[in-house]
Amino acid sequence: MNWKFNNIIPTTLQDFNLETSQLWGKQIEFISEKNYVVYSESGKGKTTFSNFCIGVRKDYSGELMLNETLINQIDLNRWSTIRSKKVAYVPQNLQLLENHTIWENLLIKNDLTKFKSNKEIYHLLEVFGISDIKNKKTNETSLGQQQRTALIRALIQPFETILMDEPFSHLDSQNISIATNEILKACKQQNANFILTSLSKQTPFENVSTVQI
């Protein structure tokens with residue numbers, strides 16, 4: 001997937017000094033052949049950037065295009081297809097169904113595309129170290145366990161780009177390493193790329209393009 005930002009300035013940041021930003025108020029393209037880390041300190045718009053990319057927010061000036069189409073001209077039906085088959089998303093707030101189990105959260109997602117078998121999903125639970133709590137409701141688990149669930153949920157759908165908003169904030173180094181390996185494996189299998197937002201340009205991934213917000 002390719003995004004073109006043409007002088008995009010979020011409404012919420014219009015009164016901020018954005019001269020040092022490589023994104024806001026600039027012309028920049030995110031292309032499918034590269035992986036990206038979009039970084040900044042808190043409050044500069046990393047989550048806003050992610051929400052713009054998947055079309056859930058449109059409160060900006062400028063033009064934003066997805067695969068040569070203005071994002072604000074993409075209708076809900078097409079967005080539904082994009083979000084289920086083209087762009088996998090790991091939101092910062094995770095957006096898990098709190099009163100459902102980890103397993104139920106994953107099956108509900110997988111039911112949209114039938115992309116993975118139950119055996120493949122269970123294998124990912126084992127790899128991420130949460131197979132033993134798959135029948136726990138997500139609101140009964142730790143933030144780290146929830147974050148791993150959200151990562152698995154993104155990895156079990158087909159995608160051309162996986163977009164992740166600070167996906168490792170509640171993980172230790174061992175679990176970051178596991179997640180990194182699985183993300184790279186899924187990207188290779190699907191000939192896909194990733195876009196990661198972070199507080200720092202330092203990343204467990206190699207050979208990435210960095211963009212400072």
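# Chat about a predicted model

Modeller: Ser42 sits in the loop that links β3 (36-39) to α1 (46-53). Keep in mind that this is a predicted model.

Biologist: Is Ser42 buried or exposed?

Modeller: Exposed. The relative accessible area of Ser42 is 60%.

Biologist: How far is Ser42 from Leu199, C-alpha to C-alpha?

Modeller: The separation is 6.9 Å. Along the chain, Ser42 and Leu199 are 157 residues apart.

Biologist: And Thr81 to Phe16, what's the C-alpha separation there?

Modeller: For Thr81 and Phe16 the value is 35 Å, with their positions 65 residues apart along the chain. Thr81 is part of helix α2. Thr81 counts as partly exposed, at 40% relative accessibility.

Biologist: Switching to pockets. What volume does the largest one have?

Modeller: The largest pocket holds about 430 Å³.

Biologist: Which residues lie nearest the centre of the largest pocket?

Modeller: Arg83, Tyr89, Gln95, Lys109 and Arg153. They belong to a lining of 17 residues.

Biologist: Which elements give two or more residues to that lining?

Modeller: Four are listed for the largest pocket: α2 (76-86), β6 (87-90), α3 (102-110) and α5 (143-155).

Biologist: How does the lining of the largest pocket split by class?

Modeller: Nine residues are nonpolar, five are polar and three are charged.

Biologist: What about the second largest pocket, what's its volume?

Modeller: About 230 Å³ for the second largest pocket.

Biologist: Which residues line the second largest pocket?

Modeller: Phe115, Lys116, Glu120, His123, Leu124, Leu155, Glu182, Lys185, Ala186, Gln189 and Gln190. By class, that lining has four nonpolar, three polar and four charged residues.

Biologist: Which element gives the largest share of that lining?

Modeller: α6, with five residues of the second largest pocket's lining. Both α4 (118-127) and α6 (173-190) supply at least two.

Biologist: Stay on α4. Which of its residues are buried?

Modeller: In α4, the buried ones are Ile121, Leu124 and Leu125. Viewed down the axis of α4, the buried residues fall within an arc of 105 degrees, so they line one face of the helix.

Biologist: What do the buried residues of α4 pack against?

Modeller: They pack against α3, α5 and α6. Leu124 also appears in the lining of the second largest pocket.

Biologist: Which residue follows α4?

Modeller: Gly129 follows α4, and the phi of Gly129 is positive, near 75 degrees.

Biologist: Now residues other than glycine. What is the phi of Lys114?

Modeller: Near 55 degrees, so to speak on the positive side. Lys114 lies in the loop between α3 and α4. Lys114 is exposed, with a relative accessible area of 59%.

Biologist: And Glu68, what phi does that one have?

Modeller: About 75 degrees, a positive phi, although Glu68 is not a glycine. Glu68 is in the loop between β4 (60-66) and β5 (69-70). Like any residue over 50%, Glu68 counts as exposed, with a relative accessible area of 54%.

Biologist: Where does Thr101 lie?

Modeller: Thr101 is in the loop between β6 and α3. Thr101 is buried, at 11% relative accessibility.

Biologist: What is Thr101 in contact with, leaving aside neighbours within four places in sequence?

Modeller: Its contacts are Lys134, Asn135, Lys136, Lys137 and Thr138.

Biologist: Last topic, cysteines. How many disulfides?

Modeller: The count is zero disulfides.

Biologist: Why is Cys53 too far for a bond?

Modeller: The closest cysteine sulfur, in Cys187, is 15 Å from the sulfur of Cys53. A disulfide needs the two sulfur atoms within 2.5 Å. Cys187 is therefore in no disulfide either, as its nearest cysteine sulfur is that of Cys53.

Biologist: Are those two cysteines buried or exposed?

Modeller: Cys53 is buried, with a relative accessible area of 1%. Cys187 counts as buried too, at 6% relative accessibility.

Methods: Residues are numbered from 1 along each chain as its sequence is written. This is a predicted model: local features need pLDDT of at least 70, side-chain atom pairs count only at pLDDT 80 or more; totals for chains, interfaces and linings use all residues. Side-chain values use heavy atoms; hydrogens and water are left out. Buried means under 20% relative accessible area, exposed over 50%, partly exposed in between (1.4 Å probe, protein chains only). On a 1 Å grid over the protein atoms alone, a cavity is a set of points where a 1.4 Å probe fits but cannot get out, and a pocket is an open set with protein on both sides within 12 Å along at least five of seven lines; lining residues have an atom within 4 Å of a point. Grid points are joined across faces, edges and corners, and a volume is the space filled by probe spheres set on the points. Ala, Val, Leu, Ile, Met, Phe, Trp, Tyr, Cys and Pro count as nonpolar, Asp, Glu, Lys and Arg as charged, and the others, Gly among them, as polar. Contact means heavy atoms within 4.5 Å. The arc is that of the directions from the helix axis to the C-beta atoms.
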